[in-house]
Amino acid sequence: MARVVGRPIKPGADLLLNDDTKPAYVRLHDIGRERRPQPLQEFLNGVGGLMLSAEAPAVASFVAGKVLQKLLKTGKMRAEGQPLPGAPEGLDDAITHLAKSGRKYEALAGQFRSLADSLLWRRGRSGPFASLNFGNTHSHAVVVGPGGMEERADLRLGVIYMNRYTRFPDHVQTQPRAFLLLSPAEISLGDSQWFSAATGTVFANDAGQSFAIRCTARPLLAVWCQVEPETNG
């Protein structure tokens, strides 16, 4: 897929935004009224530290920096006790592997483990070049943003999980997006060749550009974030 120029991209073309249900958006004037739970705040701090590290590409840090600036204020927390489908099978193994990937990942793995069951895990639709049985081998969830633990309309910070030897469908992004790999993966951005990336890799992909990601012997775990387009709500 080549970069799309001169015409708008429909949200349905961006498979990470393919939510099962339309979430209730929080108006911007409600931002900042609640206190964020400590486990969530610690996870966001850990992700931010890695995305803004000296090793991260400037473009990715720029996208992540805009998200983190907005996260200085909180959205609306999901009410406790709401029934959720539960974390995907295999996620715990991926988190355990992350914890063993280096000291700087130990705390982040523990923080994410404490949040995993409080996320609304969804399985989006398949698409071009997706692996067989894709619907049963992946899940994604919004941590902060529409449908997330922290509901708000101005940004999204989400996570992707895929079983071993799974390829996410190639798709086109609607907004500039930054990624943090919490496992090894193989990536193709736009017209680039596939390249291997290690745990801790930070990268960005621009709006209108195609994105492809797959994993091999290790399950995939990744965090992504973007600023949402402004609305009149």
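Pro83 sits in the loop that links β1 (76-77) to α3; helices (H or I, at least four residues) and strands (E, at least two) are DSSP runs, numbered from the N terminus. With a relative accessibility of 78%, Pro83 counts as exposed, where exposed means over 50% relative accessible area, buried under 20%, and partly exposed in between (1.4 Å probe, protein chains only). Pro83 and Ser118 are 35 residues apart in sequence, and their C-alpha atoms are 9.3 Å apart in space. The model is a predicted one, in which local features need pLDDT of at least 70 and side-chain atom pairs count only at pLDDT 80 or more, while totals for chains, interfaces and linings use all residues. Residues are numbered from 1 along each chain as its sequence is written, and side-chain values use heavy atoms, with hydrogens and water left out.

The loop that holds Pro83 leads to helix α3. In this helix (residues 91-99), Leu91, Ala94, Ile95 and Leu98 are buried. Seen down the axis of α3, these buried residues fall within an arc of 100°, so they line one face of the helix; the arc is that of the directions from the helix axis to the C-beta atoms. A general rule helps here: an α-helix has 3.6 residues a turn, so residues three or four places apart point the same way. The cover over the buried residues of α3 includes α4 (103-116), β4 and β11, with contact meaning heavy atoms within 4.5 Å.

Strand β11 (residues 220-227) deserves its own look. Seven of its eight residues are buried, which leaves the strand mostly covered. Strand β4 (residues 155-162) runs antiparallel to β11 and is joined to it by eight bridges; two strands pair if DSSP finds at least two bridges between them. In this pairing, Leu157 stands opposite Cys225 of β11. Strand β6 (residues 177-181) also pairs with β11 in the antiparallel sense, over four bridges, and here Phe179 stands opposite Trp224.

Leu157 and Cys225 come up again in the search for empty space, since both are among the residues that line the largest cavity. How many cavities of 30 Å³ or more does a search of the whole structure find? The search finds one, and the largest cavity has a volume of about 30 Å³. For this search, a 1 Å grid is laid over the protein atoms alone, and a cavity is a set of points where a 1.4 Å probe fits but cannot get out; lining residues have an atom within 4 Å of a point. Grid points are joined across faces, edges and corners, and a volume is the space filled by probe spheres set on the points. The lining is made up of Val47, Gly48, Met51, Ala64, Val67, Leu68, Leu157 and Cys225. The elements that give two or more residues to this lining are α1 and α2 (58-70).

Charged side chains add another layer to the picture. The structure holds eight salt bridges, each being a side-chain nitrogen of Lys or Arg within 4 Å of a carboxyl oxygen of Asp or Glu. One of them joins the side chains of Asp14 and Arg177, at 2.6 Å from N to O. Asp14 lies in the segment before α1 (38-51) and Arg177 in strand β6, so the pair ties together parts that are 163 residues apart in sequence. Are these two partners buried or exposed? Asp14 is buried, with a relative accessible area of 0%, and Arg177 likewise counts as buried at 0%.

A second salt bridge joins Arg36 and Glu150 (2.7 Å, N to O). Arg36 belongs to the segment before α1 and Glu150 to strand β3 (residues 150-151), so this pair ties together parts that are 114 residues apart in sequence. Arg36 counts as buried at 8% relative accessibility, and Glu150 is buried at 0%. In a third salt bridge, the closest N and O atoms of Glu186 and Arg214 are 2.6 Å apart. Glu186 lies in strand β7 (residues 185-189) and Arg214 in strand β10 (residues 210-214), so the parts tied together are 28 residues apart in sequence. Arg214 is partly exposed, at 25% relative accessibility. Salt bridges that share partners also join Arg36, Glu150, Arg152 and Asp154 into one network.

Technical notes
On a 1 Å grid over the protein atoms alone, a cavity is a set of points where a 1.4 Å probe fits but cannot get out, and a pocket is an open set with protein on both sides within 12 Å along at least five of seven lines; lining residues have an atom within 4 Å of a point.
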